[in-house]
Amino acid sequence: MSLVVIGSVAYDGVQTPHGSVDRMLGGSCTYIALSASYYTPVSIVGVVGGDFAQEDVDLLTSRNIGVEGLERVPGKTFFWKGVYSEDMNDRTTLQTDLNVFADFNPKLPETYKSAPYLFLGNIQPDLQRGVREQMKQASLVGGDTMNLWIDIARAALLETLKGWDFLLINDGEARMLSGETNLKRAAAKILEMGPKILVIKRGEYGAVLFTPHFHFMAPGYLLDRVFDPTGAGDCFAGGFMGYLASLGLDAAAAATRKQELSRAVISGSVMGSFCCEQFGVDRFRTLTRQEIDARFEEFQAFTGF
Ligand code: AMP
């Protein structure tokens, strides 16, 4: 096993201008793992309830994702419901039922502990730190967070970030975390908090990667139709991390390789764009490596000059 991913495994209800689904497989861990599985072997750590369907486990294992760390406990699986605006740039959360996720205490199977790569999905920062401390041999570690933790668990988050090599967040969160409205200054401040690689995601407008020495800007992929953006940020994370893991890079090497980091950002953009093409995780039921490679080349064609 190469990459360990931790985060929420959920059922989602989603409404977009193209339709709605009452209940489907979701969760940050699910999206990150499915996306990264096209690049590197992945194992997950998460918790689900007794209602979690075997067919959803089967989707994960069909992508060779290790589920030994997917704990099943009595109760209901985490449920999240959201509705998107007409242009799909805004999302309103309608319902969050933490259910079994409320008492999530990540347990790492022994076999996971020697994995070289760790992605810490968006959960309480102290839990993220606990997992990081159990994976002493990990050579490239990063993750994401959200406005909730920046707001209510800031001290814990700052302590946690000290142990990370990279951080992925969106522009609003970067401004909130740094206290700077200017994105460049926000990035400079965050790079002093621990991670030496920072990716600021800007939704449909793409992403910017910062290190102390260089930055790289990628546009978003122009889709004919965005069906459902849920999970796009997580799929970006899976493509970014999966690509770096596929090269066998550790943190020190990754931080100096501008070309490889740039390609990791494009891999993230490619995977995020595929995610939006169908509802929920559906695109991953048919997506092939050939389609991923073709879209990567398209990116090269429309950004080169
Ligand atoms: P994204 O669209 O990339 O922000 O990720 C959407 C996924 O995040 C959905 O599948 C949800 O199940 C999951 N999610 C929503 N709220 C939370 C939360 N508070 N903690 C963990 N996961 C969440």
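Which polar backbone atom is 2.7 Å from an oxygen atom of the ligand? In this predicted model, that atom belongs to Gly231. Gly233 also offers a polar backbone atom, in this case 3.4 Å from an oxygen atom of the ligand. A side chain joins in as well: a polar atom of Asp12 sits 2.4 Å from a ligand oxygen. On its own the ligand has 510 Å² of accessible area, and the protein covers 84% of that.

Stepping back to the whole shell, 16 residues surround the ligand, and the closest are Ser8, Asp12, Gly27, Gly231 and Asp234. Sorted by class, the shell is made up of 7 polar, 6 nonpolar and 3 charged residues. Three elements, β2 (10-16), β6 (78-84) and α8 (232-247), each give two or more residues to it. Of these, α8 provides the largest share, with 3 residues.

Helix α8 turns up again in the protein interior. The largest nonpolar core has 64 residues, and α8 supplies 9 of them, the largest share. Inside this core, the residues with the most contacts are Ile44, Phe119, Phe240, Met271 and Phe284. Met271 gives a feel for how such a residue is placed: leaving aside residues up to four places away in sequence, it touches Ser35, Tyr38, Tyr39, Cys235, Gly239, Phe284, Leu287 and Ile292. There is also a second, separate core, this one of 42 residues, with Phe78, Val100, Phe104 and Ile200 among them. As a general matter, nonpolar side chains in soluble globular proteins tend to be buried together.

Terms used: Residues are numbered from 1 along each chain as its sequence is written. This is a predicted model: local features need pLDDT of at least 70, side-chain atom pairs count only at pLDDT 80 or more; totals for chains, interfaces and linings use all residues. Side-chain values use heavy atoms; hydrogens and water are left out. A residue is near a molecule or strand if one of its heavy atoms lies within 4 Å of it. A polar contact is a pair of N or O atoms within 3.5 Å; within protein, one must be able to donate a hydrogen and the other to accept it, and residues adjacent in sequence count only if both atoms are side-chain atoms. Accessible areas come from the Shrake-Rupley method with a 1.4 Å probe; for residues, only the protein chains shown count as cover. Helices (H or I, at least four residues) and strands (E, at least two) are DSSP runs, numbered from the N terminus. Ala, Val, Leu, Ile, Met, Phe, Trp, Tyr, Cys and Pro count as nonpolar, Asp, Glu, Lys and Arg as charged, and the others, Gly among them, as polar. A nonpolar core is a set of buried Ala, Val, Leu, Ile, Met, Phe, Trp, Tyr and Cys residues joined through side-chain atoms within 4.5 Å. Buried means under 20% relative accessible area, exposed over 50%, partly exposed in between (1.4 Å probe, protein chains only). Contact means heavy atoms within 4.5 Å.
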